[in-house]
Amino acid sequence: MSTSRHTPPSDWPGMEMTGMTRLTDDVYFGWLAKEANPTFWHWCKALEGVPPERKVHDGCWVAAGTSAHTLVSRDPLHLEPSLLWKCCGLHGWVREGKWTSA
Ligand SMILES: [Zn+2]
């Protein structure tokens, strides 16, 4: 399955998202039909350089839900507390629909 550096996948079986929105080149979010909170894609720098055959798909996009976060506002998106992906250390806040690096 081919994925682009510029666009995270939005049509994986079981992961079909609507409203895919870009926050930065590395962070997008979208909405799964069955989830109240958004699901994020981030371009995981920890996967850069990993051979394709050792990855789930071609590319470095990693999906993660935010069910443990408080959805303060859906539009513009505001989540609390900050988002932290331990895989690569990407960390920041989403407030007023914007990403702010921590
Ligand atoms: Zn990561």
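Okay, so F29 and W31: both of them are buried. Keep in mind that this is a predicted model. Counting ring pairs by the usual centre-distance rule, we get 6 aromatic pairs, and F29 with W31 is one that comes out edge-to-face, with 6.1 Å centre to centre and 90° between the planes.

Those two rings also have company. F29 and W31 belong to one aromatic cluster together with F40, W85 and W99. And W31 has something else on its ring: the charged end of R74 sits over it, 3.7 Å from the centre.

Next, a tryptophan pair, W43 and W61. How do these rings sit relative to each other? Their centres are 5.3 Å apart and the planes are at 75°, so this pair is edge-to-face. What I like here is where the partners come from: W43 is in strand 3, residues 39–43, and W61 is in strand 4, residues 61–65, so to speak two distant parts of the chain, 18 residues apart, linked by the pair. Both W43 and W61 are buried.

That brings me to D26, which touches both of those tryptophans. Where is D26? You'll find it in the loop between strand 1, 17–22, and strand 2, 27–32. Now, buried or exposed? D26 has a relative accessible area of 18%, and the cut-off for buried is under 20%, so D26 counts as buried. Leaving out neighbours within four places in sequence, the contacts of D26 are R5, W41, H42, W43, K45 and W61.

Notes:
Residues are numbered from 1 along each chain as its sequence is written. This is a predicted model: local features need pLDDT of at least 70, side-chain atom pairs count only at pLDDT 80 or more; totals for chains, interfaces and linings use all residues. Side-chain values use heavy atoms; hydrogens and water are left out. Helices (H or I, at least four residues) and strands (E, at least two) are DSSP runs, numbered from the N terminus. Buried means under 20% relative accessible area, exposed over 50%, partly exposed in between (1.4 Å probe, protein chains only). Contact means heavy atoms within 4.5 Å. Rings of Phe, Tyr and Trp (its six-membered ring) pair if their centres lie within 6.5 Å; planes under 30 degrees apart count as stacked, over 60 as edge-to-face and the rest as tilted. A charge sits over a ring if NZ of Lys or CZ of Arg is within 6 Å of the ring centre and within 35 degrees of the ring normal.
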